Amino acid sequence: MLKTLDNLSAGSLSFLQKLPLARDKPWVGYLVAALASLAGYFARVWVSDALPDGFPYITFFPPVILTAFFFGARPGALAGLLCGLMSWYFFIPPLGSFALDYRAVVALLFFAGIVVVDIALVHWMQVANARLAIEQQRSTELAETREMLFQELQHRVGNNLQMMSSILNLQERRVAEGPGKSALSDASRRLGLVGRLQRTLYSADGAQLSLASYIDRIVKDTLETSGRTDISYIFDAQASGALPTESAVPTALIVAEAISNSIEHGYADGGGPIEVTLVGGENGDDYIICVQDEGQGLKEGFDLKCADSLGLRIAVSLARGLDGEFTLDNREDGKGAIARLVIPLPVEEDTNATA
């Protein structure tokens, strides 16, 4: 188990998970065991005058425990053997011999029992740390694989939508001018928009999208796709909340439709500014997205409910699906049209509620 840690990157392990040290150089551990045992002996000689009778192992336990902790069970066992022999010979009566009387047997059994328990506990801790490190590495690899597969799936879905958009675009070129050609063009544009957003729309960890950055991306993409260079863009974001992922595609299509309406109808005869504002999202307020232009405005008696535009009808339907509202009116100052999308904040479930 401990050897498998060698296959893990050192940067991914904590210090405790790297123990025992010098696994590929066992002689280092044995050398440390010998030196630590000698240090325990000299420490015992140094404190002999300050100790009462007995305590032959008082300075020999630390070398055994520290050696086992840092270099493993085998160097720890060697330290235990050396410390036991030195304490037996130098500090257990009769001194200077390996004689075995009753007191020596009891003392040695006491020392051996404590040393075995200490080394076993240290070894089990190191085995547990090794297993934890392996599981953490496995979890990291699985998470990276999942994210890679998720991104690949999103990329393929986006490519498929783009391919369908291209097929519709090719079909559009073979259709004569009229409602059919316009419908194919709109469908191709909408599929292309969703396909481009699909690659970055969702995250593998389910994180929500920043609504401000998302709206800004949609508007820029729609303007770039239109090919119009005579239209300026102003974005005023006064909200920094997040957009639930299930609301992302409907919101994108509605905003894109509002931008396209301003381009195709408001600025049909010339360019101008399009201003997009985002407010709300604080203190429980609904999000409000406004798209306004300074173009020709809407015709007298325009009624969104009776509009012939399929795109506008889709926008109204999608807004209802979000439990929101989409409106299109002339500006109060008479300088163009303004589209509003109201998105209610999702209601958070009360986990403390009782049945």
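This is a short conversation about how some labels are given in this structure.

Author: Welcome! The model is predicted, so local features need pLDDT of at least 70 and side-chain atom pairs count only at pLDDT 80 or more, while totals for chains, interfaces and linings use all residues. Residues are numbered from 1 along each chain as its sequence is written, and side-chain values use heavy atoms, leaving out hydrogens and water.

Reader: Why does tyrosine 41 count as buried?

Author: Buried means under 20% relative accessible area, exposed over 50%, and partly exposed in between (1.4 Å probe, protein chains only). Tyrosine 41 has 19% relative accessibility, so the residue counts as buried. Phenylalanine 91, at 16%, is buried too.

Reader: What makes phenylalanine 90 partly exposed?

Author: Its relative accessible area is 37%, and the partly exposed class runs between the 20% and 50% limits.

Reader: Why is the pair of tyrosine 41 and phenylalanine 91 called tilted?

Author: Rings of Phe, Tyr and Trp (its six-membered ring) pair if their centres lie within 6.5 Å; planes under 30 degrees apart are stacked, over 60 edge-to-face, and the rest tilted. Here the centres are 6.0 Å apart and the planes meet at 45°, so by that rule the label is tilted.

Reader: How do you know that this pair ties together parts that are apart in sequence?

Author: Tyrosine 41 lies in helix 2 (residues 26-46) and phenylalanine 91 in helix 4 (residues 73-91), so the parts tied together are 50 residues apart in sequence. Helices here are DSSP runs of H or I with at least four residues, numbered from the N terminus.

Reader: Why is the pair of phenylalanine 90 and phenylalanine 91 tilted?

Author: The ring centres are 6.3 Å apart and the planes stand at 55°, so this pair is tilted. Ring pairs also link a cluster that includes Tyr41, Phe90 and Phe91.

Reader: What makes arginine 44 lie over the face of phenylalanine 91?

Author: The rule asks for NZ of Lys or CZ of Arg within 6 Å of the ring centre and within 35 degrees of the ring normal. Arginine 44 is at 4.7 Å from the ring centre and lies over the face.

Reader: Why do arginine 138 and glutamate 135 form a salt bridge?

Author: A salt bridge needs a side-chain nitrogen of Lys or Arg within 4 Å of a carboxyl oxygen of Asp or Glu. These two side chains meet at 3.0 Å, N to O, so they satisfy the rule. Both residues lie in helix 5 (residues 102-173), three residues apart.

Technical notes. Helices (H or I, at least four residues) and strands (E, at least two) are DSSP runs, numbered from the N terminus.
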